[in-house]
Amino acid sequence: MDTATLEDIAQRMLANGKGLLAIDESTPTCGKRFADYGIENSEDNRRDYRALLLSAPGLGENISGAILYDETLRMKMADGMPFPQMMNDNGILPGIKVDTGAKDLAGHPGEKVTEGLDGLRERLAEYHAMGARFAKWRAVITIGDGIPSRACYRANAHALARYAALCQEAAIVPVVEPEVLLDGDHTIDRCYEVTEETLTRLFAELRDQNVHLPGLILKSSMVLPGKNAARQADVGEVAAATLRCLYASVPAAVPGIAFLSGGQSNEDATAHLDAMNKQDAGAAPWRLTFSYARALQQPALDTWRGDNANTGPAQQALLHRARCNRAAAQGEYDP
Ligand code: 13P
């Protein structure tokens, strides 16, 4: 394992308060996002939309890397330039989602396990040759009556750790993403307990698999009440609970934590990140930044609406959210 290369990539991903842009929706998920605006889920539309985002002028000032889907990594700009080359020219590291999705966990109704380890070594070698320097794998943990089960925590943590080890062998930085879902009516305290258990189990498995922690990035959900909970939490409470949970469960050797937005509003995702950085004031051993999909893209998609005449304003909408979130990653967001 080339630990120096891995550490260098991870540091570049976290430099100067920058964060990650997630545009790794699978083709069906992209179709769902497009359907909200009546946009046809065609290959041309997917290419135009992703090209618009990745080539937004100056995006690299606030975004260090973008997570793509297999199809997107293989796409070309209108002038024939491959996406990864255009991204590198814009100062954006190419990343790739490599899991093949969350499937029902046998014997455990209502729970999922993420698949994709078969053939992963070969796929990573191909992705590296195409320019990918980091990867992502997302596990989902659902909170409900009697769940998560021990089996769900363990199966997902084990798969994440096996994926991370394979990435590092291929000189690719693993973004390790266990998402505790916002769905449900659970309290913020219940989310805290589940997130702490998820992360504790994950880091035990990463250690067993000899994963080099300075060469990975944790992509975590925040500690929030369920979206249907009777009592919602204010920004300061979410930030404090999330920080407490991370301090209790994430080793200091991890260089950075890039949050997912998970269905929070654009403004909430920014405000929570900002509040964490303000409360912590640089004390934490890890950088706290963003790796948002919906909370970065939504205003751009809402502006583009499938019409390339709107490309310029859609790019401005993305750049605005990217600037807000970079400010938040430095505790300097001023709404
Ligand atoms: P959201 O920010 O929309 O939750 O997406 C992040 C992501 O990459 C989910 O895997």
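# A tour from Asn16 to helix α12

Start by selecting Asn16 in this predicted model: Asn16 counts as exposed, because it has 12 C-beta neighbours inside 10 Å. Asn16 sits in the loop between α1 (3-14) and β1. Display its backbone torsions: phi is positive, about 55°, although the residue is not a glycine. Most residues other than glycine have a negative phi.

Select Asn210 next, in the loop between α8 (188-208) and β8 (217-218). Its phi is near 60°, again a positive value in a residue other than glycine. Is Asn210 buried or exposed? With 11 C-beta neighbours inside 10 Å, Asn210 counts as exposed.

For another backbone feature, go to the loop between β6 (134-141) and α7 (150-169), where Pro148 is found. The peptide bond leading from Ile147 into Pro148 is cis, and its omega is near 10°. Most peptide bonds are trans.

Now move to the strands. Select residues 287-292, which form β10. All six of the six residues are buried, so the strand is largely enclosed by the rest of the structure. Colour the two faces separately: Arg287, Thr289 and Ser291 lie on one side, Leu288, Phe290 and Tyr292 on the other, and both faces are covered.

Which strands pair with β10? One is β1 (residues 19-22), which runs parallel to β10 over two bridges. Here Leu20 stands opposite Ser291. Another is β9 (residues 256-259), also paired with β10 in the parallel sense, over four bridges. Two places to check in this pairing are Ile257, which stands opposite Leu288, and Phe259, which stands opposite Phe290. To follow the chain from β9 to β10, trace it through helix α10 (residues 266-280); this β-α-β crossover is right-handed.

Stay on β9 and show its side chains. Gly256 and Ala258 point one way, Ile257 and Phe259 point the other way, and all of them are buried.

Next, select helix α9, residues 235-249. Its 15 residues should span 21 Å at 1.5 Å a residue, and the end C-alpha atoms are 21 Å apart, which agrees. The buried residues in α9 are Val238, Ala239, Ala241, Thr242, Leu243, Cys245 and Leu246. Show α8, β9 and α10 as well, since these are among the elements that cover the buried residues of α9. When looking down a helix, recall that an α-helix has 3.6 residues a turn, so residues three or four places apart point the same way.

Then select helix α12, residues 311-328. This helix has 18 residues and reaches 26 Å from its first C-alpha to its last, close to the 26 Å expected at 1.5 Å a residue. Buried residues in α12 include Ala314, Gln315, Ala317, Leu318, Arg321 and Ala322. Further along, Cys324, Asn325, Arg326 and Ala328 are buried too. The cover over the buried residues of α12 includes the strands β1, β2 (63-68) and β10, together with the helices α3 (43-54), α10 and α11 (294-304).

Finish at the ligand. Which residues are around it? They are Ala22, Arg138, Glu177, Leu260, Ser261, Gly262, Tyr292, Ala293, Arg294 and Ala295. By class, this shell has five nonpolar, two polar and three charged residues. Tyr292 is a residue already met in this tour, as one of the buried residues of β10.

Technical notes. Residues are numbered from 1 along each chain as its sequence is written. This is a predicted model: local features need pLDDT of at least 70, side-chain atom pairs count only at pLDDT 80 or more; totals for chains, interfaces and linings use all residues. A residue is near a molecule or strand if its C-beta atom, placed from the backbone, lies within 6 Å of it. Ala, Val, Leu, Ile, Met, Phe, Trp, Tyr, Cys and Pro count as nonpolar, Asp, Glu, Lys and Arg as charged, and the others, Gly among them, as polar. A residue is buried if 20 or more other C-beta atoms lie within 10 Å of its own, exposed if 12 or fewer, and partly exposed in between; C-beta atoms are placed from the backbone. Two strands pair if DSSP finds at least two bridges between them. A crossover is right-handed if, with the strands pointing away from the viewer, the path from the first strand over the helix to the second runs clockwise. The expected span of a helix is 1.5 Å times one less than its number of residues. Two residues are in contact if their C-beta atoms, placed from the backbone, lie within 7 Å.
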